[in-house]
Each structure stands twice: as structure tokens, then as C-alpha cells.
Amino acid sequence: MQMHSVERLSEYVLLIPAYNPDQALVELVHALKQEGFLHIVVVNDGSVETCRPVFEAIEPHVSRLLEHEKNAGKGAALKTGIRYIVDHYPETLGAITVDADGQHLPSDVHHVYSEGVLWPHHLIMGCRDFSGEAIPFRSRFGNQVTRLVMTIGSGLRLKDTQTGLRAIPVRYARQLLDVPGNRYEFEMNMLTFTKRMHVPIHQTPIQTVYVDENASSHFRPVIDSILIYRMFLAYSLSSVASFLMDIGVYALLIFLLNPWFDTAHVIVATVVGRVVSSLFNYFVNRKVVFKSKARRAMVKYFGLVGAQMAVSAALVYALFFVIRDGEVILKVVVDSFLFIASYYVQKRWIFKR
């Protein structure tokens, strides 16, 4: 009987970050070797000593086992592996990241590999389907939230922002070493920086696998969520503080000027409130949120403020002219719609790093 040889898959190097893995990692490595993958790099991210037999079992079957003395986080482990692959496998198309807990099937890794060969200059993302009832709630909810944040923050419309199965082009991989984040936020930051680096993204479907409702995951819902969303959260807090300052100054001036004007006090209060709050917002966003050093940022920012102020004043005045009541409420409604537009422009254009 004729035996069919296994396809030798050498165009990409597999990268597996592992922290306190169990037998699933051993089974994964063996399955990937049987699938035909020649180059596999595993990073032991400071796992406990009781996991040593797991790494001893896989070491003869992998190209390289890298180790952190202490746990540094998934992002740091990925950077260690990417740095090694870029230095030692420059002739390959890049790296394919694979989770160590068995959530990525070897057949799906092969599928992402094939897509990577077909689209060598794209970031290939293996996207799961979160519509099924068997999906753990925290995973389904987390994906929905991160998809929304990613759409608002960078304009990227992704089906699965949290997938760990990605094919990264080698020309883009070296630049990832400078992307901030050493834990789960690194994978989110990677997606944001793809757009800034003009790296196209190709999404391809993979099977959705959760073992014991993803109990083996080391994701910390509160701490890691804060790290992932910290720029957006910082911007939101800055915007809320500026918004309250704007409304406060506006309401105060409405109270003080109302006896002296018929309708013009609406415009005066809108302009003064926006100037005061925008100065506060600019310095907080530049120094704290986006940490930008661009000299032209102020010119762009106040250009945006001027345009936003004109639109806000015009809409509020027009609505008040018709209704003749509720100036403060009208401003809250109008500026709520302008909030998202302002964030998008600031992140994409004004404070772009």
C-alpha cells in the first residue's frame, strides 16, 4: 500500500507562548508536527516548576524552547518569540502565533498557514464564530465590547479581535517589538498599529473551541481589561471631565446672562464653555492619554474644536430657536453625537503617533 508523505510546512514559524501549560501543550505540539510543521518555537513564560515535565516532553520536538525566568505576560512572551524568529528565520514569511491551551486545532493552524502563503503581506487572523450558545458568556461579551471599541477607536471592523491564531508577516514582525504592552493588551495594540503601519488584515474563519468553558485561560477580566482599554478609558475620563466643565461653564453663563439677552446668550455661553473645556482637554489628551509630542497637534486640535464648536452652536441655536426652552438639555443631546466623531478624529489624525 502506498503511503502519502506529510506536506512539509516551512514557510512560517509557529510561535506558542505558554504559561503553566498542561498536557494539552504536549498533544498540541505532537499534532502540529504530524500536520507537517517543521519550525515550532515555544516560549515558557515563567511557568511554575511543576510544569517542567511538560516542557521536557516537548523540547525534543520543537525547534527552540525559550524561557523567561519570571512570568512577564503573554505580550512579552510573544515579543521574545518574534525577536528570535526574526533573527533566526529571516527567510521565512513570518510567524504564526498559536495558543498553548488547545483552543486552536492543527487543521485551523494549517488553514491560516495556507492563507498566509496566499496573502504573504497581510496579517492573517483566524476568526471564531461567537454566535453559538455554547460560547462562554465572558468570551462572547468580551468580543462584542472589543469589536465596538476597535471600530470606534481605529475604524477596523473585525470579527474576532481576541483571536490568538495570527499569521504575522516577517517585514511587520520586527516593528511589533516596539508596540507597547506586555500582557493581553499587546494583541489589541497589534491590531491598532497595523493600520498605522499600513498592514492589510485578512480574516479567515476557524472553528470555535472552548475546553471547560475556557477555564484554562490566564486572562484576568478586570486587570487585563483595564490594560486593553486603558487608552480608551483615559480618553473617556478626560472627555467626561471636559464635558462636565463645558456644561458647567455653559449653565453658569446661561444663568448669569439670561436676564440680559433673548437668544444670543446661547451662543456666548457655548463659545466660552467650549474654549475653557477645550484647553483643559487638549493638555490632558496630549500629555496623558495619547502622549503625543507632535508640534502641529495644537493647531489641528483647535481646528477641530472650532469646527465642532460651530456645529454645536449652530445645532443648539437652531433647536432652541424652534423650541425656546431647555438650552442645557439641547446641548447635552447635540454634543453626545459629536463625542464619538471627536474621539475618532483625535486618535486617527491629531494625536497620531
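This text walks through the structure from its overall build to its cores, its charged pairs and its surface.

The model is predicted. Start with the whole chain. It has eleven helices and seven strands. There are 353 residues in the protein chain, and buried residues make up 48% of them. The accessible surface comes to about 17,800 Å². Carbon and sulfur atoms account for 61% of that surface.

How does the chain fold back on itself? Take the contacts between residues at least 6 apart in sequence. Of these, 77% join residues at least 24 apart. Keep that figure in mind while looking at single residues.

Ala-100 is a good place to begin. Where is Ala-100 found? Ala-100 sits in the loop between β4 (94-97) and α4 (106-118). Ala-100 counts as buried because its relative accessible area is 12%, and the cut-off for buried is under 20%. Now look at its partners. Leaving aside neighbours within four places in sequence, Ala-100 is in contact with Ile-16, Pro-17 and Ala-18. Ala-24, Leu-25 and Leu-28 are also in contact with Ala-100. Asp-22 gives another view of this region. Along the sequence, Ala-100 and Asp-22 are 78 residues apart. In space, their C-alpha atoms are 8.7 Å apart.

Next, go to the nonpolar cores. The largest one has 31 residues. Which residues touch the most other members of this core? They are Ile-82, Ile-168 and Leu-176. Several elements give two or more residues to this core: β1 (12-18), β2 (40-45), α3, β5, α6 and α7 (185-196). The largest share comes from α3, with six residues. Leu-176 shows how such elements meet. Apart from its neighbours within four places in sequence, Leu-176 is in contact with Lys-79, Ile-82, Ile-168, Phe-186 and Met-190. There is also a second, separate core of 29 residues. Among its members are Leu-32, Ile-40, Val-54 and Ala-167.

Now turn to charge. Side chains of opposite charge can pair when their charged atoms come close. How many salt bridges does a search of the whole structure find? It finds eight. Three of the pairs are worth a visit.

The pair of Asp-160 and Arg-128 comes up here. Their closest N and O atoms are 2.6 Å apart. This salt bridge links distant parts of the chain, 32 residues apart. Asp-160 is in the loop between α5 (137-154) and β6 (166-169). Arg-128 is in the loop between β5 (123-127) and α5. Are these two residues buried or exposed? Both Asp-160 and Arg-128 are buried.

Asp-87 and Arg-174 form another salt bridge, with the closest N and O atoms 3.6 Å apart. This pair also links distant parts of the chain, 87 residues apart. Asp-87 lies in helix α3 (residues 74-88), while Arg-174 lies in helix α6 (residues 170-176). Asp-87 is partly exposed, because its relative accessible area is 46%. Arg-174 is partly exposed too, with a value of 47%.

The pair of Arg-52 and Glu-49 comes next. Their closest N and O atoms are 4.0 Å apart. Arg-52 is partly exposed, since its relative accessible area is 25%. Glu-49 has a relative accessible area of 59%, so it counts as exposed. These two residues also belong to a network of salt bridges, in which Glu-49, Arg-52 and Glu-67 are linked.

What about cysteines? A disulfide is a covalent bond between the sulfur atoms of two cysteines. The structure holds zero disulfides. Cys-51 counts as buried because its relative accessibility is 8%. Cys-127 is buried as well, with a relative accessible area of 4%.

Finish on the outside. A nonpolar patch lies on the surface, formed by Ile-267, Val-271, Val-275, Leu-279, Phe-283 and Met-298. Together these residues have about 460 Å² of accessible area. Which helix gives the most to the nonpolar patch? Helix α9 (residues 264-289) does, with five residues. Val-271 lies in this helix, α9. Val-271 counts as partly exposed because its relative accessibility is 32%.

Terms used. Residues are numbered from 1 along each chain as its sequence is written. This is a predicted model: local features need pLDDT of at least 70, side-chain atom pairs count only at pLDDT 80 or more; totals for chains, interfaces and linings use all residues. Side-chain values use heavy atoms; hydrogens and water are left out. Patches are made of residues with over 30% relative accessible area and no salt bridge: like charges are joined within 9 Å, nonpolar side chains (Val, Leu, Ile, Met, Phe, Trp, Tyr) within 5 Å. Accessible areas come from the Shrake-Rupley method with a 1.4 Å probe; for residues, only the protein chains shown count as cover. A salt bridge is a side-chain nitrogen of Lys or Arg within 4 Å of a carboxyl oxygen of Asp or Glu. Helices (H or I, at least four residues) and strands (E, at least two) are DSSP runs, numbered from the N terminus. Buried means under 20% relative accessible area, exposed over 50%, partly exposed in between (1.4 Å probe, protein chains only). A disulfide is a pair of cysteine sulfur atoms within 2.5 Å. A nonpolar core is a set of buried Ala, Val, Leu, Ile, Met, Phe, Trp, Tyr and Cys residues joined through side-chain atoms within 4.5 Å. Contact means heavy atoms within 4.5 Å.
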